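Reader: I'd like to go through this one by asking what stands behind each label. Can you set the values against the cut-offs as we go?

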Amino acid sequence: MNFEYITDAPPEVVSKIEMVIKERFNDGTVKKILLIHPPDIESESFNYTSAKRGAYYNFPPYGLGVLAGMMKKNNFQVQISNLNLEILRKCKKSKSLNDFNFDKIWKNKLLDDIKEFKPDLLGVGCLFTATHNSFIKVCKQIKNIPADWIPGFNKKAPLVVGGVHVSQY
């Protein structure tokens with residue numbers, strides 16, 4: 001397994017990464033990776049009326065896109081699950097606030113994407129301070145989703161996190 005195309009980390013760090021992956025996977029390979037963009041804001045701060053009018057920003061997950069592009073060039077199967085976009089789409093389509101459930105929307109999208117794609121590895125990024133709490137909620141939710149398709153890993157998909165907040169702390 002060669003990680004030189006993913007990181008410029010020192011060789012001893014790359015060796016440790018390779019060792020951990022071999023421990024986590026029966027054959028030491030990762031083929032399918034699901035990258036997850038959490039909601040840009042948590043449910044308690046979400047303003048339904050503003051979102052319905054289209055007044056919320058919807059920044060594309062550029063960093064995840066760059067990672068996905070690099071991984072695809074190296075023969076990984078990669079998908080991006082944009083939970084923020086799903087919330088904004090469902091808000092626009094909803095008839096009223098009573099017809100809209102912020103947390104249920106992203107949790108269902110996350111579960112559907114994981115169960116459909118069956119990734120070997122999940123990655124979640126946190127770019128903005130406003131995203132930090134929803135990032136934590138998404139990570140906790142992932143750990144509650146059984147990964148029946150992964151043999152020998154306690155039925156939990158491995159989770160990798162990244163972004164400004166993760167790197168900073």
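Reader: Which residue stands opposite Ile36?
Author: Ile36 faces Val124 in E3. Keep in mind that this is a predicted model. Ile33 also has a partner in E3, namely Leu121.

Reader: How do you know that E1 and E3 count as paired?
Author: Two strands pair if DSSP finds at least two bridges between them. Strand E1 (residues 32–37) and E3 have 4 bridges, in the parallel sense, so they meet that cut-off. E3 and E4 pass too, with 5 bridges, again parallel. In that second pairing, Cys126 stands opposite Gly163 in E4.

Reader: What makes E2 and E4 edge strands?
Author: The open sheet has 4 strands in the order E2-E1-E3-E4, paired in parallel. Strand E2 (77–82) and strand E4 (159–163) each pair on one side only, and that makes them the edges. From one strand to the next, the twist averages 20 degrees.

Reader: What does H6 touch in the sheet, and at what angle to E3 does it run?
Author: H6 packs on the sheet and touches E1, E3 and E4. Its direction makes about 165 degrees with that of E3. Angles here run from 0 to 180 degrees between N-to-C directions, so a value of about 165 degrees lies toward the upper end of that range.

Reader: Why is E3 called mostly covered?
Author: Buried means under 20% relative accessible area, and 6 of the 6 residues in E3 are buried. Leu121, Gly123 and Gly125 point one way from the strand, Leu122, Val124 and Cys126 the other way, and all are buried. For the chain, 38% of the 169 residues count as buried.

Reader: Why is Phe128 called partly exposed rather than buried or exposed?
Author: Its relative accessible area is 36%. Buried would need under 20% and exposed over 50%, so a value in between is partly exposed. Phe128 sits in the loop between strand E3 (121–126) and helix H6 (132–143).

Reader: What makes Phe128 eligible for a surface patch?
Author: Patch residues need over 30% relative accessible area, and Phe128 has 36%. Its nonpolar patch also includes Tyr57, Phe59, Leu127 and Val164, with about 520 Å² of accessible area together.

Reader: How much of the chain's accessible surface belongs to carbon and sulfur atoms?
Author: They account for 54% of about 10,100 Å².

Key
Residues numbered from 1 in each chain as written. Predicted model: local features only at pLDDT ≥ 70, side-chain atom pairs only at ≥ 80, totals over all residues. Heavy atoms only, no water. Buried < 20%, exposed > 50% of the residue type's maximum accessible area, 1.4 Å probe, protein only. Areas by Shrake-Rupley, 256 points an atom, 1.4 Å probe, with all protein chains shown as cover. Patch = residues over 30% accessible without salt bridge, like charges linked within 9 Å, V, L, I, M, F, W, Y side chains within 5 Å. Salt bridge = Lys/Arg side-chain N within 4 Å of Asp/Glu carboxyl O. Helix = DSSP H or I, 4+ residues; strand = E, 2+ residues; numbered from the N terminus. Contact = heavy atoms within 4.5 Å.
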